[in-house]
Amino acid sequence: NSSKKFSSLPEFLLPSKPFYPQGTPKSPAGIAEPPSFYQTTDEVLPQPISLRNKLKITKILGQIHHTFLIVETEEGFMLIDQHAAHEKVMYEALVKNFDTAKPSSQRLLMEEVLEVSTKHQDILKKYLPFLQKLGFDIENFGKNSFAVRAVPSIFEDQSAVSVIKEFLEQKEDGRVHTSLEKQKEEIAALIACKKKSVRAFEPLSSVQIQSLLERLGQCENPFT
């Protein structure tokens with residue numbers, strides 16, 4: 001009975017009901033213009049993707065409203081909120097970095113220079129040890145300037161400067177912890193959500209969908 005299965009699904013697996021989590025999207029002219037309802041993919045996976053051995057995804061059926069992925073499992077089908085799923089992938093990768101001696105990071109081909117206000121400079125200096133544990137390589141580059149030389153590998157092509165600026169703005173109101181361990185989940189979640197996660201209404205190719213599902217399958221807790 002499919003109606004009974006939905007009651008036990010995690011939060012990013014949602015019933016097939018048209019839904020706009022951020023309201024009906026607007027066209028550039030400001031006129032309500034919802035995206036196409038359903039984009040068909042219908043691609044059988046080379047091998048099933050297991051989510052903690054509880055669900056095995058066998059086929060990608062398509063994307064609804066450029067927001068939900070519809071996939072076939074061995075027992076039926078399910079809808080996955082693509083933003084929540086990718087945010088989860090990002091979050092676990094950042095937390096794993098924090099807990100390892102050598103966090104996974106990638107060097108930038110050209111370092112980025114971050115210009116900050118005096119207040120943001122104080123915040124950044126306070127959080128440098130934490131950001132380094134997440135995989136950032138940031139060094140003082142002069143008065144109110146910092147050179148960003150590496151970012152967590154999970155960020156891929158995301159602008160390092162824009163990520164850090166967003167982080168500093170969020171912390172400017174003083175909502176900080178004194179213990180690095182207590183900061184871990186708060187900041188990893190903040191960075192994962194704010195800048196790099198796949199957004200709602202973002203069209204994904206079948207290759208991108210498969211990659212996201214595979215990375216979700218590697219999460220220790222894909223259902224939370």
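**Note on the predicted single-chain model**

1. In this predicted model, residues 24 or more positions apart account for 65% of the contacts (heavy atoms within 4.5 Å) in the chain with a separation of 6 or more. Local features rest on a pLDDT of at least 70 and side-chain atom pairs on 80 or more, while totals for chains, interfaces and linings use all residues. Numbering starts from 1 along each chain as its sequence is written, and side-chain values use heavy atoms, with hydrogens and water left out.

2. The chain holds six helices and seven strands, which are DSSP runs numbered from the N terminus, with H or I over at least four residues for a helix and E over at least two for a strand. Along the sequence they come in the order α-β-β-β-β-α-β-α-β-β-α-α-α.

3. Of the 224 residues, 42% are buried, a word used here for under 20% relative accessible area with a 1.4 Å probe, counting protein chains only. The accessible surface, computed by the Shrake-Rupley method with a 1.4 Å probe, comes to about 12,200 Å², and carbon and sulfur atoms contribute 50% of that area.

4. Strand β3 (residues 68-73) deserves a careful look, as five of its six residues are buried. Two strands are said to pair if DSSP finds at least two bridges between them, and β3 pairs with β2 (residues 55-64) in the antiparallel sense over six bridges. β3 also pairs with β4 (residues 77-81), again in the antiparallel sense, over five bridges.

5. Val71 in β3 is a useful residue to find on the screen, since Ile60 stands opposite Val71 and Val71 in turn stands opposite Met78 in β4. The hairpin of β2 and β3 has three residues between the strands, and His65 takes a positive phi near 55° there; the hairpin from β3 to β4 likewise runs through three residues.

6. How far apart are the end C-alpha atoms of helix α3 (residues 118-134)? They are 24 Å apart, which agrees with the 24 Å that its 17 residues should span at 1.5 Å a residue, because the expected span is 1.5 Å times one less than the number of residues.

7. The same helix, α3, has a kink of about 55° at Leu128, shortly before Pro129, where the bend is the angle between axes fitted to the seven residues ending at a residue and the seven starting there. Buried residues of α3 include His120, Gln121, Tyr127, Leu128 and Phe130. After α3 comes Gly135, with a positive phi near 120°.

Key. Buried < 20%, exposed > 50% of the residue type's maximum accessible area, 1.4 Å probe, protein only.
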